[in-house]
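Work through the exercises below with the sequence and the 3D view open. Try each task before reading its solution.

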Amino acid sequence: MTRSVVHAGELQFRIMSVATVYSFLVQASMFVMAGCIEKERIQEVAAFRATYVEHLVDTAIIVVHLQVFLVPVTHWLEMRKMINYVNSWGVLQSDYNRLIQKELSLNLKRRVFVMLGLMALMLIVLEIDGFLVIRGLQKWWHGIPFGFSVTLCVILPFNWTSTCRALVFTAKEIMNDMQTHMAEMHSGASDKLNQYRKLWLKLSYQTQGLGYCCGITYGAQNLVFFTIQIIGAYAFLSEIGHGLFITNTIFASSTIVFGGLLYFQCNAAHTATAEVGEIFQEKLEEMEMTYPTRNKTAKNNIRHFLETITLNPPVISLCGFVDVNRSLLTSVSTW
């Protein structure tokens with residue numbers, strides 16, 4: 001038995017080692033290729049040999065490839081927090097199972113398949129756009145780090161929106177189960193509210209933890225998105241008088257795509273915050289109004305629950321610097 005355990009541990013260590021070496025080689029190769037492209041583009045911009053529009057294209061290419069250098073650094077800084085956040089989901093699910101006596105399934109499988117399809121389609125479109133843009137991707141191998149950068153630009157917002165969706169679903173499940181439980185009016189129903197309150201409090205901390213565990217990563221990415229969006233919009237508006245040619249069309253599409261990615265992230269965080277906080281509180285107030293007046297203990301527990309929500313608002317922020325919601329899209333000028 002001891003030998004088999006040691007052998008399994010050695011096998012797992014070897015698999016992890018292979019995955020680590022593979023990741024290092026891929027990341028190193030992306031660093032080198034992206035660095036070569038960045039150097040070429042910076043030299044082109046500094047030489048002033050191209051037209052104004054071509055300089056804007058070079059600048060946009062430089063900004064897009066920044067993802068290759070930023071993401072590993074930000075992930076290194078926040079990897080421990082991300083691991084702890086993922087583990088806290090397991091704790092929340094275990095607490096839910098003990099209280100509700102059923103498993104908490106987040107129902108993200110269909111969403112994952114849909115998002116993977118959209119990611120693949122967006123990657124293909126942006127890759128083609130990159131080769132069609134004047135002075136954009138001049139050599140075939142330029143498409144490799146460009147595709148890697150675009151993948152990072154798409155997969156991180158996908159992870160963010162999926163996590164927000166899990167928070168929304170969990171809040172709805174807790175409220176539905178609590179309403180069902182209180183409607184049964186069996187003995188101990190009012191005392192059960194304290195356990196639901198503790199479960200909601202963990203969900204609130206889980207909501208707040210999303211921004212704190214990866215705030216640097218998404219803060220840096222949002223700055224990249226804002227920059228590309230501004231470059232695309234400025235280039236499109238400055239050249240619209242010369243006609244709607246292919247470069248101008250791609251500037252417009254890039255502005256829409258990266259603006260859409262920003263919108264999906266901000267809207268997902270806004271929806272999760274509202275569902276866990278305001279909407280949950282409104283439903284709890286309705287429950288207080290409809291609960292029989294003879295059960296004062298339950299009413300007091302509901303009021304205590306409402307005070308807990310007021311004192312612990314589930315706000316998603318990027319490490320406390322800026323709140324992520326729909327108003328973030330209109331406050332870029334104040335950054």
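The exercises go from the whole chain to single helices and residues.

The model is predicted, so local features need pLDDT of at least 70 and side-chain atom pairs count only at pLDDT 80 or more, while totals for chains, interfaces and linings use all residues. Residues are numbered from 1 along each chain as its sequence is written, and side-chain values use heavy atoms, with hydrogens and water left out.

**Exercise 1. The chain as a whole**

Task: State how many helices and strands there are in the chain, and what percentage of its residues is buried.

Solution:
- Helices (H or I, at least four residues) and strands (E, at least two) are DSSP runs, numbered from the N terminus.
- The chain has eight helices and zero strands, which gives the pattern α-α-α-α-α-α-α-α along the sequence.
- Buried means under 20% relative accessible area, exposed over 50%, and partly exposed in between (1.4 Å probe, protein chains only).
- Of the 335 residues in the chain, 46% are buried.
- Contact means heavy atoms within 4.5 Å. Among contacts between residues at least 6 apart in sequence, 80% join residues at least 24 apart.

**Exercise 2. Two helix spans**

Task: Compare the end-to-end reach of H2 with that of a straight helix, then do so for H8.

Solution:
- The expected span is 1.5 Å times one less than the number of residues in the helix.
- H2 (residues 52-100) has 49 residues, and a straight helix would reach 72 Å. The end C-alpha atoms of H2 are only 63 Å apart.
- H2 also bends, by about 60 degrees at Glu78. The bend at a residue is the angle between axes fitted to the seven residues ending there and the seven starting there.
- H8 (residues 296-311) has 16 residues and reaches 23 Å from its first C-alpha to its last, close to the expected 22 Å.
- Buried residues of H8 include Ala298, Ile302, Phe305 and Ile309. An α-helix has 3.6 residues a turn, so residues three or four places apart point the same way.

**Exercise 3. H2 against H6**

Task: Decide whether H2 and H6 are roughly parallel or roughly antiparallel.

Solution:
- Axes are lines fitted to C-alpha atoms, for helices over the stretch in contact, and angles run from 0 to 180 degrees between N-to-C directions.
- H2 and H6 (residues 215-239) pack at about 170 degrees, with axes 7 Å apart.
- Angles under 35 degrees count as roughly parallel, over 145 as roughly antiparallel, 65 to 115 as roughly perpendicular and the rest as oblique.
- H2 and H6 are therefore roughly antiparallel.
- Their contact has 15 nonpolar, nine polar and two charged residues. Ala, Val, Leu, Ile, Met, Phe, Trp, Tyr, Cys and Pro count as nonpolar, Asp, Glu, Lys and Arg as charged, and the others, Gly among them, as polar.

**Exercise 4. Surroundings of Met33**

Task: Find which residues Met33 contacts, leaving aside neighbours within four places in sequence.

Solution:
- Met33 lies in helix H1 (residues 2-47).
- Met33 counts as buried because its relative accessibility is 17%.
- The contacts of Met33 are Trp141, Ile144 and Pro145, with neighbours within four places left aside.
- Ile144 is 111 residues from Met33 along the chain, yet their C-alpha atoms are separated by 8.2 Å.

**Exercise 5. Positive phi at Gln101**

Task: Locate Gln101 and say whether it is buried or exposed.

Solution:
- Most residues other than glycine have a negative phi.
- Gln101 is not a glycine, but has a positive phi of about 65 degrees.
- Gln101 comes just after H2, in the loop between H2 and H3 (109-132).
- With a relative accessible area of 64%, Gln101 is exposed.
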